[in-house]
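Below are some notes on the model, set out as numbered points. Please read them with the sequence and the structure open.

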Amino acid sequence: MVYLYDGSFEGALSAIFQMFYDKGPVKENQLKIRELYQYQIFDEVVETYTVPDQASKVVASVIETFGEEAFRRIGYAYLSEDPDFGTKLYRCLKRAYKLGGLGMENYSDEAIMDLYKCYNAVARESHIMLGLIRFAELDKGIFYARFEPTYDLIGLMVPHFQERLSDQLWVIHDTKRRKAAFYNKETVHFSDLDPIEDLYYSSKEEKYQKMWKAYFDHIAIDERKNPKLHRQMMPKKYWNFLTEKMTK
Amino acid sequence: MDALEKLQILADAAKYDVSCSSSGSDRKAVKGALGNAALPGICHSFSEDGRCISLLKILFTNKCIYDCAYCINRSSNSAMSRAEFTPDEVVDLTISFYRRNYIEGLFLSSGVVRNPNHTMELLIAVVKRLREVEHFNGYIHLKGIPGADQHLIETAGLYVDRMSINIELPTTKSLRLLAPEKSRSDMIAPMGMIKDKIEQSKAMASRYKSVPSFVPAGQSTQLIVGATDEVDLKIIKISEALYNRMKLKRVYYSAYVPVGKSAIVPMNQVHSLRREHRIYQADWLLRFYGFTADEILTREDPNLDMEVDPKCQWAIRNPQLFPMEINKVTFMELLRIPGIGNVTARRIIAARRFGNITFEGLAKIGVVMKRAKYFVTCNGKYYGAIDLEPWKLKQILIDAPGKKANQLTMVELFPQTFGGDLGGLSV
C-alpha cells in the first residue's frame, strides 16, 4: 500500500498513526508525499489527512517510549527533506517499537540506521552552518545573512544566534527556500521572503569585509596549501554566501 | 600604518601557531550583551591550507626582542615587516568580526616587546577591555608569555577561556640550541601554576555559588616537530607527561616550516607533513583510546610508521591479541581494534543490547571494514581470509599512496634505499 500525505511534519505523523492503525504488511507499506508521488500500476493508494490530534498522539507515544532525544532525531530527519522520509520513518518506528525502549539505538539495524542517517546529515550540516553563516551590516543597522543550506535548517540556526547575538538586530534568510527569520532583540519571527536584489550596506561594512578577506588570505601557510583539503572541509556549494570566498 | 596593513602583517606573523580550537568552554550568554562560547567549539572557515579558522588569530605585535632560530618573528629576520596593534584596534576587530559571525572569538599572542612583563600587561589590557568595557562573552585564547610574573598570568586567567604557554621544542637541549633566551623552567612553572589554579577554582565551584571562572577551557601548548632531531617516541612521551601531570587539554604539533634560512636549525629540509599527521594520530590514541606512549612506540622501534597509522602499527605488533570477538569484548578493547573509533565503539555497545551483531550489521554501524575485518570475529567467524601474520597484514593495511593529497615519493617510502638514514624517516 502506498499512503500519501501532504509533506508536512504533522501530516507525516498523522499518516503514521493511520498506518499503525491499519496494521498492514511493513515491507510493502510506503509513505510518500502526495505532490511528488507518481502512480504506478498495481499501487494501492491510501490518502491520509493531517489530524493534529493524531499527530500529537504519535509524538506523545514516541517520547514516552523512546525519550525526547529520539523525537528530536525524528524532527531533524524530517528537515533533511529526503523524499523517502515518510517510508523511512514508518519502517524505523515499526522496528523500534518491536525492540522496545532503547530501540532507536540499535545501530546495526537497517531500518533504524536509515532514519538515523537522515538525522545525522542534518545535525552535521546544522553544526557546520553555525560557523559559516555570514552577517553583513545594512544601512539601517540590521545584520543580514543569506544562506542556502542543503537541508532546511533555518529553524535550527535561530536559538544559537538568539543567544549569541542577543543585542543586535538580525535577519537570517534562506534564499533557496525563500524564507527568513527576523530577530528584534526580543523575539524571533519567521516569514516568507524572496531573494533581495539590492542590499544597501552600512558605511563601515565594506571595510570589515575587506579586512576579513585580507585576514583569510594571510592566515594560510603558503608552503602547506592544500586545495583539495580546503574544498573537503568547506565545500564549494557554500562559497557563494561566504564573504571570504566572494569574488567581487 | 592603518589597521588593514597591521592585520595582514600580524596575521602572517601568527599563522605558524597551529592551535585553533574554540571548544571546552560554555561561557553563558548575558541578555543584552554580546556573545557566548559553544562547548563543542565551532569552525567558522577553512583557510587554503585546509586548516580551520575558528578564532581571530593574531599577534599583538611581532616586534620581538628574542632571536629564536625556528621563528619567523626572530629579531634577526630583517625581511619581516613589523607592526604593533593598539588595544582599541584589536577590540574593534574582534567585536566587528564576531558580530558578523566570522569568528568564534580571539586568539591573541605576541612577540616579546621590551620584556615579558610589559608584553603580558599589553595582552591583559586587551582582554580586560573586551570583557569589562565591551561585555564580550565570546571565546578568548591567550598566550602566556614565558618569563612573565606569575601574578600577571594569574590575572589574565580570570578573563580568558584558554591559556597556552608554548614549550616550543621537545627537549631542553634543543631549546638551548635554537632559543637560547628562553628557559624551560619559565614555561613549565606557569603551566603548573595554571593547573593548580584551575583545580582550585573547580573545587571552589562545587562548594560556593558564584566563583570567578579561571581558564575554564583549560590550557594547551605547542611544540615544533622536525626542527631538531628527536625521535617520535620522545615527543609522544613528552605529550603523555603533559596530559597526565599538567592536565593539558591539547598538545599541538607543528611540522617545522623553514622560515628564511637559519644556519643553526639542524634539519633544514622541507618537512614531511605526513609525520605531523602520524603524530596527531598517536596523540589521539593517548587522549581518547586509552593507549600509553610505551604501547604506541617502543625503544627498538622509536618512530611512527609513515605507511600505516599508529593503531594499525600497534595491532600488527601485537597479533596475539587478535582477532577479537566483536560481541564479547569491552568498550576499551573495541577502541583498540583498527577501523573502530569512539563513535562506532559506542554504537556497537548500544546495538549489542539487541542481540549479536553480524558482519553486515558491523558495516551498517559505520565501522571501517577494510581495516577492521582482519582483526575481528563476528559470532566466532573470521572474515579476514588471511592469516594474522604481521608482514602480510602490513602490506594490506598500507594507506594506498596516490589517493592521498600528499603523495609519498619513493624516497619517503624507502628512505634506507634512497637516502640512507635521514633522522628516522623525517625526510
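1. B:Val215 sits in the loop between helix H6 (184–207) and strand E7 (219–225) of chain B. Helices (H or I, at least four residues) and strands (E, at least two) are DSSP runs, numbered from the N terminus. Phi of B:Val215 is positive, near 40°, in a residue other than glycine. B:Val215 counts as buried because it has 28 C-beta neighbours inside 10 Å; the cut-offs are 20 or more other C-beta atoms within 10 Å for buried, 12 or fewer for exposed, and partly exposed in between, with C-beta atoms placed from the backbone.

2. The model is predicted: local features need pLDDT of at least 70 and side-chain atom pairs pLDDT 80 or more, while totals for chains, interfaces and linings use all residues. Residues are numbered from 1 along each chain as its sequence is written, and chains are lettered from A and ligands numbered from 1 in the order in which they are written.

3. B:Asn379, in the loop between E10 and E11 of chain B, also is not a glycine and has a positive phi, about 50°. B:Asn379 counts as exposed, because 12 C-beta neighbours lie inside 10 Å.

4. The strands on either side of that loop belong to an open, mixed sheet of chain B with the order E9-E10-E11; strands pair if DSSP finds at least two bridges between them. E9 (324–325) and E11 (381–382) of chain B each have a single partner strand, so one side of each is left without a neighbour in the sheet. E10 (376–378) and E11 of chain B are antiparallel, with two bridges, and B:Thr377 is opposite B:Tyr382.

5. A cis peptide bond, omega about -5°, links B:Phe322 to B:Pro323. B:Pro323 is in the loop between helix H10 (310–317) and E9 of chain B. Most residues other than glycine have a negative phi, and most peptide bonds are trans.

6. Helix H3 (116–133) of chain B has 18 residues and an expected span of 26 Å at 1.5 Å a residue, which agrees with the 25 Å between its end C-alpha atoms; the expected span is 1.5 Å times one less than the number of residues. Its buried residues include B:Met120, B:Leu123, B:Ile124 and B:Val127. Beyond its neighbours within four places in sequence, B:Ala156 is in contact with residues including these four; contact requires C-beta atoms, placed from the backbone, within 7 Å. Just after H3 of chain B, B:His135 has a positive phi of about 50°.

How values were computed
Two residues are in contact if their C-beta atoms, placed from the backbone, lie within 7 Å.
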